[in-house]
Amino acid sequence: MSAGIALVVNADDYGYFDCVSRGILAAHAAGSVGATGVMANGPRFETTAARLRATPALDAGVHLTLSWGEPLTRALAARLAEGRLPGKFAALTAILTGRWPLAEVEAEWDAQIGRVADAGLNPVFINSHEHVHMLPALYRVAARLARRHGIRWLRRTTPEWQGAQGLIRNLLLGAMAAATRADSPQPRLLGLAGSGRLGLPELRRALSGLAPGGRYELMCHPGEFDAAEVRDGRLLAYHDWSRELAALTDPGFRDHCAQAGIRLVSFRALAAE
């Protein structure tokens, strides 16, 4: 392994909105973001996939979703009243009660991975929208799909403690992580505590106290906010895409990493070490 701390800055939600996708590409161009998770059921998938193909240095992965947009498979679509995936809690309830058979969820996620691969994006990692894959039954599905598609990196969303902030979320994630096991060592996830609103102070806090020689993944959500595209008040309450984009394109971020001995890398670079 190379000396120093290895950090993959991984932007979630590519394809969510066009303005978000543009912001992710801008953060990559600034030299900070090395990977992005693609939402295969995004409304402008062909357009956003073409932009990503034109950016070969940026790792592409699959941001599996069960809680947003339209499913790709007919079987799962037939179970939805309006043909659209519900929110996270409704989706997880449907799985836990058996109303969505795991075989159909696996087929849906397999289709999402396949669509990204068929677009020529060569996905090298898997994670999920709103961390739903950490539900133990779904983690096993995601791990099985990762093996099937030859994908080494599967995000382990684990608690990030900053006082009592996010107490219930951290307790649940801790319990779910304890109930699952990774096939191979995965980078430790950072950025959960400030998720959606990572400015420079939050980034510095997330990157403090890292172990020399360690491997880490920083989850982030940069974007170019467009009020004409994003109108959902719940999303606006959670996300400050512009704040994250400003922080990740600020030279101070890369300077801080250099001073702390942090190398900004991609998943492909990690695999080669």
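The legends below accompany an overall view and several close-up views of a predicted model.

**Figure 1. Overall view of the predicted chain, with its twelve helices and eight strands.** The radius of gyration of the chain is 18 Å, close to the 19 Å that the globule rule gives for 273 residues, so the chain is as compact as a globular protein of that length. Along the principal axes, the C-alpha trace spans about 55 × 40 × 40 Å, and 53% of the 273 residues count as buried. Among contacts in the chain with a separation of 6 or more, 76% are made by residues 24 or more positions apart. By the salt-bridge criterion applied here, the count for the model comes to 19.

**Figure 2. Close-up of the packing of helix α1 against helix α2.** Two packed helices are described by the angle between their axes and the distance between the axes. Here the axes of α1 (residues 18-29) and α2 (residues 45-53) come within 11 Å and cross at roughly 5 degrees, which makes α1 roughly parallel to α2, given that angles under 35 degrees are placed in that category. On the α1 side the contact is made by Asp18, Ser21, Arg22 and Leu25, which meet Thr48, Arg51 and Leu52 of α2. Sorted by class, this contact has two nonpolar, two polar and three charged residues.

**Figure 3. Close-up of Asp18 and its salt bridges to Arg44 and Arg51.** Side chains of opposite charge can pair when their charged atoms come close. The side chains of Asp18 and Arg44 meet in a salt bridge with an N to O distance of 3.4 Å, and this pair links distant parts of the chain, since Arg44 is in the loop between β2 (35-38) and α2 whereas Asp18 is in helix α1, 26 residues apart. Asp18 also forms a salt bridge with Arg51, with the closest N and O atoms 2.5 Å apart; this pair likewise links distant parts of the chain, with Asp18 in helix α1 and Arg51 in helix α2, 33 residues apart. Asp18 is buried, with a relative accessible area of 9%, whereas Arg44 is partly exposed at 41% and Arg51 counts as partly exposed at 27% relative accessibility. In the wider view of this site, Asp18, Arg22, Arg44, Arg51 and Glu224 are linked in a network of salt bridges.

**Figure 4. Close-up of the salt bridge between Arg243 and Glu202.** The side chains of Arg243 and Glu202 meet with an N to O distance of 2.7 Å. Arg243 lies in helix α10 (residues 241-249) and Glu202 in helix α8 (residues 200-206), so the pair ties together parts that are 41 residues apart in sequence. Arg243 is partly exposed, with a relative accessible area of 33%, and Glu202 also counts as partly exposed, at 21% relative accessibility.

**Figure 5. Close-up of Asn10 in strand β1 and the residues in contact with Asn10.** Asn10 lies in strand β1 (residues 5-14) and is buried, with a relative accessible area of 0%. When neighbours within four places in sequence are left aside, Asn10 is in contact with Ala35, Thr36, Gly37, Phe125, Asn127, Arg155, Glu217, Leu218, Met219, Cys220 and Phe267.

**Figure 6. Close-up of the backbone at Asp13 and at Asn122, each with a positive phi.** Most residues other than glycine have a negative phi, and most peptide bonds are trans. Asp13, although not a glycine, has a positive phi of about 80 degrees; this residue lies in strand β1 and is buried, with a relative accessible area of 2%. Asn122, also not a glycine, has a positive phi of about 45 degrees, but lies in the loop between α5 (102-118) and β4 (125-128) and is exposed, with a relative accessible area of 54%.

**Figure 7. Close-up of Gly233, shown together with the position of Thr55.** Gly233 is placed in helix α9 (residues 233-238) and, at 47% relative accessibility, counts as partly exposed. From C-alpha to C-alpha, Gly233 and Thr55 are 32 Å apart in space, and in sequence they are 178 residues apart.

Notes
Residues numbered from 1 in each chain as written. Predicted model: local features only at pLDDT ≥ 70, side-chain atom pairs only at ≥ 80, totals over all residues. Heavy atoms only, no water. Axes fitted to C-alpha atoms, helices over the stretch in contact; angles between N-to-C directions. Helix = DSSP H or I, 4+ residues; strand = E, 2+ residues; numbered from the N terminus. Parallel < 35°, antiparallel > 145°, perpendicular 65-115°, else oblique. Contact = heavy atoms within 4.5 Å. Nonpolar A, V, L, I, M, F, W, Y, C, P; charged D, E, K, R; others polar. Salt bridge = Lys/Arg side-chain N within 4 Å of Asp/Glu carboxyl O. Buried < 20%, exposed > 50% of the residue type's maximum accessible area, 1.4 Å probe, protein only. Rg over C-alpha atoms; globule rule 2.2 N^0.38 Å.
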